[in-house]
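I opened my notebook to walk through this structure one lookup at a time. Come along and check each entry as we go.

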Amino acid sequence: MTSAHRRRSWLLQSPMALISLAFIALFALLAVFAPMLWGTQAETPSPADLLQPPSAAHPLGTDALGRDLLLRTLVATRLSLVMALAATAIGAVAGLILGALPVVAGPRVQRLFGSVINTWLAFPVLLVAMLTVILLGTGSTTAVIALALTMTPSFARLAQTLSSRVGGSEYLAAARLLGVSKTRQFTRYILPNIAEPVIVNVTISIGGGLLALSSLSFLGVGVQPPEYDWGRLLSEGFEQVYSQPTAIVGPGVMVVLAGIMFGMFGEALASHMRGRGRARTLSARELGDPARVEAAAVIEEAADEVEPLLEVAGLSVSFPGEHGWVRPVQDVSFRIAPGEIVGVVGESGSGKSVTMMAIAQLAPAGAAVSAQRLRFAGEELAGLSGERAAKKLGTRVGVVFQDSLTALNPALRVGTQLAEVPRVHQKASRHDADAAAVEALAAVSITDPARRAKQFPHEFSGGMRQRALIAMSQIGKPRLIIADEPTTALDVTVQQRVLALLRRECEETGAAAIVVSHDIAVLAELCQRILVMYGGRIVEDVDVRHLARPERLAHPYTRALAESLPDLDTDRTAPLATIPGEPPDLSVPVVGCAFAPRCAFATELCRTETPQLVAHGAGRVACWHPQDVGVHEDEFEKAGA
C-alpha cells in the first residue's frame, strides 16, 4: 500500500480527523477568498444601516457604522489565521533552535541552553506578553511576537526532550565518526527524527494561538483599527452586547470552532502516529544460503615483530557518579596487528563496549577518557580532543553497532546513509555516492541492492540491517572494524551469515577487526585471539585455539567461561556448568582481583592486590594463581610485586 493510500485510509477510518480537516480546509478557503469577495463591502460604512438587527440582508446585523457583521467575521478569518500561523511558526522554529540544535554543539552548550529554557519557562505567560507590549507598543505585529515568545520555551522543552534521545543514538554517533558536519547532523539526523511529535504539537498550538491572539485583541493590546481580527470584532461587539447581542455571535463562534478543529486534528494526528508506530513490522527474513567462507589463517607473528595497527596502553574511562567518579574501564592495554581479527568477551557490564567506543572516539557524553598510549596507524591520539582525534581516525575506523535498528537513522533511506561517507569524505557527487552505496550493499550479499537502497531501515530484516551496517563500515575502506555485538538478537543461521560476511570482508580488504561479544562460542568461530574482560580490566589475552582445551586456559574466569559452554560431547545427565556469584559493582572501587569473590583459587593476596596483565606462555594473563599446566605461580607473584 502506498503512502497516499495509507493517508486516505487513515482519514476515512478516523471521523474526528475527517471532520476537523474539512473545517480547516473551509477556514483556509475563507482566508484566501473572503477578503477578495467581500473585503470592500465589509469595510465600507453605510449610514443608512447603523446598528441593524439580524435580517435576510444582514444575518448577524450591522455594527455602529452600518457594516455587515457576518461579512466582517468572514473577512477577519485571513488576519486571524495568518497571525496564529506566524506566531506558531516563529515559536516552533525558535524552540527547535534552542532545544534541538545544542545536541550537536556539545554538552556545555546543552547545559547553557537548558538553563535558558528553564529560566524562560519560569516567567508567567501573561507577564511575557505584557512586557512585550510595553516594549514594542500595541498592534498585530506585537501580538504575534508576544505569542511567539510565550510559545518558544514550550517548543524548546519538547525539542530538548526529543532530541536528547536522538543525541544518544548510535546512528548519530556514527555520523559524528564519519565527519558529518554539525549542520547536516541537525537537518538530516536530529530534525527528521523529532518531526512527528513536533508537527502534532504545532497543529494543536495553532488552535491555542488563535484563542490567545483573540484574547489580546479583545483586551485592546492586539490588532488595532482599522485592522480587525476575530478578537477585535468581539471587543467592538461587546460594547453593544445588550442592544445588539448577535454582534458577538459570529466572531465568538469562529474563534471557538477554529480552536476546537485545530486541536481535534492535532489529537487525531497524534493518535494515528502512535498507532502507526505499534503496527510497524519488519519484512520477511532474507532467503539464500551463501557458501561458507574458509577461516582466516592464524597470525603467528609476535606483537613486537609486527608494527601494530592499534596500540592501547593504560586506557581508563570514568563517569561522574553520586559519590565520585565511577570507572567501568581500568588500565586496559592491548595491541591489534594489521589483518588480525580479535574478539573481546565478557559478561554484561565488564566494560567491553565502553572500551571500544572510547577507542573509536564515541564515548558517551560526560565520560572522561585517559590513556598512556592510544596509537592508531602510527599516529598518537592520546591527549588530543575528541574532535581532533575523530578527524585523525576519519574513515579509517568503521563501527558496526550492536542494535542495527537504532544504529540506522529511521528517517533516512538506507542508501542515503551509506552515501554519507563518499559524499562527506571523498566529495563525491550525489550520483556517484548513491552508486557506491548500491555497490556496497551488493558486496554484502543483499539481493536487489538498487531497490533496497531506496528503502527505510524498518523495511529490512534484522540480518539485512546487520549486513547494511557492515556495508556502511566498509564503504570508507577502513583499516580497522569495531563490531559491537554484531549478532545480538539474531537467530543462529543469520549469525553464521553475518560472521562469515565479516570474516570475508576482512580477508578481501586486509582490514583488522575487533569483535565484541558476551558469547565466547561466537568469537571462537571468527577470531584468532580473544581478550577476556572482567570488572573493567583485561584478565587474559589468549589464542582462540586454546578455547577447545580449557585446561590450557590460565585465568579461572576464562576457564569457567569455556567450561560453561556445552557441546555435543557434554554429559547431559550432569548439571550445566555455571559461574557462581555475580559480577562486581563498579560504582564502588574494587580492591584486589575483581574475580576473587567468585574464584575457587583466591587467596588473601587476590583480595588485597590487583594482578597486572603480564606475559604468560604465548599470551598474557592477570592472575596471581594461573591454572594452566607448565607455568609456576611464583613467576607471576614476582611480576606483580
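**Entry 1: two helices that pack**

I began with a pair of helices in this predicted model: H3 (residues 69–99) and H9 (residues 230–238) pack with their axes 8 Å apart and at an angle of about 140°. Why call them oblique? An angle has to be over 145 degrees to count as roughly antiparallel, and H3 and H9 are therefore oblique to each other.

Next I listed who meets whom. From H3 come Arg72, Thr73, Ala76, Thr77 and Ser80, and they meet Trp230, Leu233 and Glu236 of H9. Sorted by class, the contact of H3 with H9 holds 3 nonpolar, 3 polar and 2 charged residues.

**Entry 2: the turn before H9**

I then looked at the loop between H8 and H9, where proline 226 is found. The peptide bond leading from proline 225 to proline 226 is cis, and I noted its omega as near 10°.

**Entry 3: the loop before H3**

Proline 47 has its place in the loop between helix H2 (15–43) and H3. Is proline 47 buried or exposed? I found a relative accessible area of 69%, so proline 47 is exposed. I also checked its distance to glycine 66: the two are 19 residues apart in sequence, and their C-alpha atoms are 5.8 Å apart in space.

**Entry 4: an enclosed helix**

How many of the 8 residues of helix H7 (residues 170–177) are buried? I counted 6, so H7 is largely enclosed by the rest of the structure. The buried ones are Tyr171, Leu172, Ala173, Ala174, Ala175 and Leu177.

What do the buried residues of H7 pack against? I wrote down three helices and a strand: helix H6 (140–167), helix H8 (182–218), helix H13 (404–407) and strand E7 (397–400). After H7 comes glycine 179, and its phi is positive, near 85°.

**Entry 5: positive phi without glycine**

I went on to residues that have a positive phi although they are not glycine. Lysine 477 is one of them, with a phi of about 55°. I found lysine 477 in the loop between helix H18 (462–474) and strand E8 (480–484). With a relative accessible area of 64%, lysine 477 is exposed.

Glutamate 485 is not a glycine either, and its phi is positive at about 50°. Its place is in the loop between E8 and helix H19 (492–509). Is glutamate 485 buried or exposed? Its relative accessibility is 8%, so glutamate 485 counts as buried.

So my page has lysine 477 down as exposed because its relative accessible area is 64%, and glutamate 485 down as buried because its value is 8%.

**Entry 6: looking for disulfides**

How many disulfides does a search of the whole structure find? The search finds 0. Cysteine 593 is in no disulfide, and the nearest cysteine sulfur, that of cysteine 606, lies 6.0 Å away. A disulfide needs sulfur atoms within 2.5 Å. I checked cover as well: at 16% relative accessibility, cysteine 593 counts as buried.

Cysteine 623 is likewise in no disulfide; the nearest cysteine sulfur belongs to cysteine 599 and is 6.2 Å away. Cysteine 623 has a relative accessible area of 9% and is buried.

**Entry 7: alanine 524**

I looked up alanine 524 and found it in helix H20 (residues 520–526). At 37% relative accessibility, alanine 524 counts as partly exposed. Which residues does alanine 524 touch, not counting those up to four places away in sequence? I noted Val544 and Leu547.

I also took a distance across the chain. Alanine 524 and glycine 343 are 181 residues apart along the chain, and their C-alpha atoms are separated by 8.3 Å.

**Entry 8: the whole chain**

To finish, I stepped back to the protein chain, which has 23 helices and 13 strands. Of its 641 residues, 48% are buried. The chain exposes about 30,700 Å², and carbon and sulfur atoms supply 59% of that.

My last lookup was about contacts between residues at least 6 apart in sequence: 68% of them join residues at least 24 apart.

Definitions and conventions. Residues numbered from 1 in each chain as written. Predicted model: local features only at pLDDT ≥ 70, side-chain atom pairs only at ≥ 80, totals over all residues. Heavy atoms only, no water. Axes fitted to C-alpha atoms, helices over the stretch in contact; angles between N-to-C directions. Helix = DSSP H or I, 4+ residues; strand = E, 2+ residues; numbered from the N terminus. Parallel < 35°, antiparallel > 145°, perpendicular 65-115°, else oblique. Contact = heavy atoms within 4.5 Å. Nonpolar A, V, L, I, M, F, W, Y, C, P; charged D, E, K, R; others polar. Buried < 20%, exposed > 50% of the residue type's maximum accessible area, 1.4 Å probe, protein only. Areas by Shrake-Rupley, 256 points an atom, 1.4 Å probe, with all protein chains shown as cover.
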